[in-house]
Amino acid sequence: MKKSAPVFQSVRHLTVAAMLTAISVVIGIFCKNFLNFGGGLFRITFENFPIILSGYCFGPVVGGLVGIATDLISYLLSNQIYPPNLIVTAGAFLIGFLSGLLFRVPMKNRTLRIVFSASLAHLCGSVVVKSIGLYQFYGIAVLWRIPVYLVIASLEILLICLLFRRKSFSKLIDKI
């Protein structure tokens, strides 16, 4: 009988993934409680930033798991008025999964690879899937959140590109 490969390659991987989840939860709770407009429809948040980083560092499976954990934990700890929405959770999963999967597409330019993977992850996860999940609560008004998330995604991608340009960050990622 073949042993299956563990999702987390080491305790260090598990620990860093848990820390990225915690960072994302804290950002998510803060934004859900203090930067929330329109009863949850518009929210300025950068909670996907650590989810995307987990996909880059550990691959699509761990990135997706961090996305799921982040969404469910932040829901449990926030004062949201609506019940947990598994479609929104699926969007968070897609952000981590697609960023980890697409980051592995071979490209010579790492900045282009970051822009490509994070853009498609945001487009599929945040703009499409999460909007579909929120449609049942907000109806057609959910379309107004799309431009907000396009701006947020652009800022997150810029921050990730700047972070990866730092040699100290690249060395840290190589140690993980």
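For this tour, Ala, Val, Leu, Ile, Met, Phe, Trp, Tyr, Cys and Pro count as nonpolar, Asp, Glu, Lys and Arg as charged, and the others, Gly among them, as polar. Keep in mind that you're looking at a predicted model.

**Stop 1: the largest pocket**

Select Arg 12, Val 16, Met 19, Leu 20, Ile 23, Leu 53, Cys 57, Phe 169, Leu 172, Ile 173 and Ile 176, and you have the lining of the largest pocket on screen. The volume of this pocket is about 180 Å³. Colour the lining by class and you get ten nonpolar residues, no polar ones and one charged. Which helices should you show as ribbons here? Helix H1 (11-34), helix H2 (48-58) and helix H7 (167-175) each give two or more residues to the lining. H1 has the largest share, with five residues.

**Stop 2: H2 against H3**

Stay with H2 and bring up H3. The two helices pack at an angle of about 155°, and their axes are 7 Å apart. Angles over 145 degrees count as roughly antiparallel, so that is what H2 and H3 are to each other. The crossing of the pair is right-handed. To see the contact, pick Ile 51, Ser 54, Gly 55 and Phe 58 on H2, then Pro 60, Val 62, Gly 63, Val 66, Gly 67 and Thr 70 on H3. By class, this contact has five nonpolar residues, five polar and no charged ones.

**Stop 3: the second largest cavity**

Keep Ile 51 and Thr 70 selected, as both also belong to the lining of the second largest cavity. Add Glu 47, Asn 48, Asp 71, Ala 92 and Lys 130 to complete that lining. The volume here is about 40 Å³, and the structure has two cavities of 30 Å³ or more. H2 and helix H3 (60-77) are the elements that give two or more residues to the lining of this second cavity. What classes of residue line the second largest cavity? Two are nonpolar, two polar and three charged.

**Stop 4: H2 against H6**

Now hide H3 and show H6 next to H2. Their axes come within 10 Å and cross at roughly 50°, so H2 and H6 are oblique to each other. This crossing is right-handed too. From H2, select Asn 48, Phe 49, Ile 52, Leu 53 and Tyr 56; from H6, take Glu 156, Leu 159, Ile 160, Leu 163 and Phe 164. Eight of these contact residues are nonpolar, one is polar and one is charged. You have met Leu 53 before, in the lining of the largest pocket.

**Stop 5: H5 against H6**

Hold on to H6 (residues 145-165) and add H5 (residues 110-138): the angle between them is about 150°, with the axes 9 Å apart. H5 and H6 are therefore roughly antiparallel to each other. Is the crossing of H5 and H6 left-handed or right-handed? It's right-handed.

For the H5 side of the contact, select Arg 110, Thr 111, Ile 114, Val 115, Ala 118, Ser 119, His 122, Ser 126, Val 127, Lys 130, Ser 131 and Leu 134. For the H6 side, go for Arg 145, Ile 146, Tyr 149, Leu 150, Ala 153, Glu 156, Ile 157, Ile 160, Cys 161, Phe 164 and Arg 165. Sort the contact by class and you'll find 13 nonpolar, five polar and five charged residues. Lys 130 is a familiar name from the lining of the second largest cavity, while Glu 156, Ile 160 and Phe 164 also took part in the contact of H6 with H2.

How values were computed
Residues are numbered from 1 along each chain as its sequence is written. This is a predicted model: local features need pLDDT of at least 70, side-chain atom pairs count only at pLDDT 80 or more; totals for chains, interfaces and linings use all residues. Side-chain values use heavy atoms; hydrogens and water are left out. Axes are lines fitted to C-alpha atoms, for helices over the stretch in contact, and angles run from 0 to 180 degrees between N-to-C directions. Helices (H or I, at least four residues) and strands (E, at least two) are DSSP runs, numbered from the N terminus. Angles under 35 degrees count as roughly parallel, over 145 as roughly antiparallel, 65 to 115 as roughly perpendicular and the rest as oblique. A crossing is left-handed if the near helix is turned anticlockwise from the far one by less than a right angle, and right-handed if clockwise. Contact means heavy atoms within 4.5 Å. On a 1 Å grid over the protein atoms alone, a cavity is a set of points where a 1.4 Å probe fits but cannot get out, and a pocket is an open set with protein on both sides within 12 Å along at least five of seven lines; lining residues have an atom within 4 Å of a point. Grid points are joined across faces, edges and corners, and a volume is the space filled by probe spheres set on the points.
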